[in-house]
Amino acid sequence: MMRFLLFVIFILLFSNNVMAEGGITLVTSSPAAGGGQEYSVTIKILLFMTALTFLPAAVMMMTSFTRVLIVLTILKQALGTQQVPSGQIIVGLSLFLSLFIMSPVLEKTYTDAVAPYIDEKISGDVAIKKAEIPIRGFMMKQTRENDLALFSGLANKGSFEKPEDVPFSILVPAFITSELKTAFQIGFLIFVPFVVIDLVVASVLMSMGMMMLSPMLISLPFKLMLFVLVDGWTLIMGTLASSFAL
C-alpha cells in the first residue's frame with residue numbers, strides 16, 4: 001500500500017509536465033455500453049499491480065491453504081521430527097494441494113469471468129461480479145452457520161436470506177474461523193495415536209528404570225514405522241482433499 005501511495009504521488013507531481021509536452025495522458029475515460037465509465041488501460045494496470053500485493057493474504061484467507069498448512073504442521077509436530085520435512089516442503093505441499101482442491105473453482109472463475117473479459121465480451125465490473133460467484137460458493141460451503149451468525153451479529157447486519165447477500169467483510173472472517181476449527185479438529189485426531197505411542201514408550205522405560213533415556217528418542221522409530229505401514233501421507237492428503245465440500 002505504501003508503494004502504491006508513493007507511485008500515485010510521483011504521478012501527480014510529474015503528470016502536469018508530461019501532459020504539457022503532449023506526451024502520455026494519465027487518465028482517459030469513455031462512456032460504457034451499459035452505463036458508467038470505462039477507464040484507460042494505464043489505470044487498469046495500476047489497479048491490477050496494486051491488487052497483486054493482496055494476493056498472499058487472499059490465498060491464505062479465502063482458499064483451502066490455511067487448513068492444509070495447519071494440519072501438515074500438526075502432523076510434523078506429532079511425528080516428533082524437528083527438521084523433516086522442512087518448513088519449505090510443508091508450505092510447498094500445502095500450496096500445490098490447495099491448487100488441486102481449488103481447481104474446480106479456478107476453472108469456473110476463468111471460464112465465466114477471466115476468459116470473457118480477455119476477449120472483451122464483458123466489462124471489468126461484470127467480470128468481478130462473475131468471479132465472486134464460485135469463490136463465494138466455495139467459502140459458504142466451508143463456513144459454519146454459527147460463525148457466520150457471530151460476525152453478522154457483531155456487524156449488526158442481522159440474518160441474511162440468501163448466500164449472495166452476505167458481504168465479503170463478514171464472510172471472510174467467518175470462513176477463516178471455521179477453517180481454523182476444522183484444521184484443529186483434524187489435527188487432534190492425527191495427534192492422538194502418536195501420543196499413545198509416546199505414553200506406552202515412556203511407561204515401559206520407567207518400569208525398566210531407564211528414566212535418563214529420552215522417551216521421544218525411542219518412540220520416534222515406532223511412530224515413523226506406524227506412519228509408513230498405514231501409508232500415512234496418502235491417508236492425510238486424501239483426507240484433506242475430501243474434507244472440502246465442493
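**Figure 1. Getting oriented: confidence along the predicted chain.** The protein chain has a mean pLDDT of 77, and 78% of its residues reach 70 or more. This is a predicted model, so it helps to know where the predictor is sure of itself and where it is not, pLDDT being its confidence in each residue. Among the elements, helix α1 (residues 2-20) sits at the bottom with a mean pLDDT of 42, while helix α4 (residues 65-79) comes out on top with 90. Over residues 1-26 the pLDDT stays below 50, and beyond near neighbours in sequence this stretch has 13 contacts in the model.

**Figure 2. The whole chain, element by element.** Here we have 10 helices and two strands. Starting from the N terminus, the elements go α-β-β-α-α-α-α-α-α-α-α-α. Of the 246 residues in the protein chain, 28% are buried. Now take the contacts between residues at least 6 apart in sequence: 64% of these join residues at least 24 apart.

**Figure 3. Where α4 meets α10.** Helix α4 has the highest mean pLDDT among the elements, at 90. The axes of α4 and α10 come within 11 Å and cross at roughly 155°. Angles over 145 degrees count as roughly antiparallel, so that is the label for α4 and α10. Their crossing is right-handed. On the α4 side, the contact is made by V68, V71, L72 and L75; on the α10 side, look for W233, I236, M237 and L240. Sorted by class, the contact of α4 with α10 has eight nonpolar residues, no polar ones and no charged ones.

**Figure 4. Where α5 meets α10.** Helix α10 (residues 232-242) also packs with α5, at an angle of about 45° and with the axes 10 Å apart. What do we call this arrangement of α5 and α10? The two helices are oblique to each other, because 45° lies outside the ranges for roughly parallel, antiparallel or perpendicular. In passing α10, α5 makes a right-handed crossing. From α5 come L93, L97, F100 and I101, and they meet M237, L240 and A241 in α10. Once more going by class, the contact of α5 with α10 has seven nonpolar residues, with no polar and no charged ones. M237 and L240 may look familiar: they are also among the α10 residues in the contact with α4.

**Figure 5. T81, in the loop after α4.** This close-up stops at T81, found in the loop between α4 and α5 (87-118). Is T81 buried or exposed? Its relative accessibility is 16%, so T81 counts as buried, the cut-off for buried being under 20%. Setting aside neighbours within four places in sequence, T81 is in contact with K76, L220 and L224.

**Figure 6. Two loop residues with a positive phi.** Most residues other than glycine have a negative phi, which is the reason for a closer look at this pair. N156 is a residue other than glycine with a positive phi, near 55°. Its place is in the loop between α7 (145-154) and α8 (168-207). With 70% relative accessibility, N156 counts as exposed. D231 is not a glycine either, yet D231 has a positive phi of about 55°. Look for D231 in the loop between α9 (215-229) and α10. At 42% relative accessibility, D231 counts as partly exposed.

Definitions and conventions. Residues numbered from 1 in each chain as written. Predicted model: local features only at pLDDT ≥ 70, side-chain atom pairs only at ≥ 80, totals over all residues. Heavy atoms only, no water. pLDDT = per-residue confidence, 0-100. Helix = DSSP H or I, 4+ residues; strand = E, 2+ residues; numbered from the N terminus. Contact = heavy atoms within 4.5 Å. Buried < 20%, exposed > 50% of the residue type's maximum accessible area, 1.4 Å probe, protein only. Axes fitted to C-alpha atoms, helices over the stretch in contact; angles between N-to-C directions. Parallel < 35°, antiparallel > 145°, perpendicular 65-115°, else oblique. Left-handed = near helix turned anticlockwise from the far one by under 90°. Nonpolar A, V, L, I, M, F, W, Y, C, P; charged D, E, K, R; others polar.
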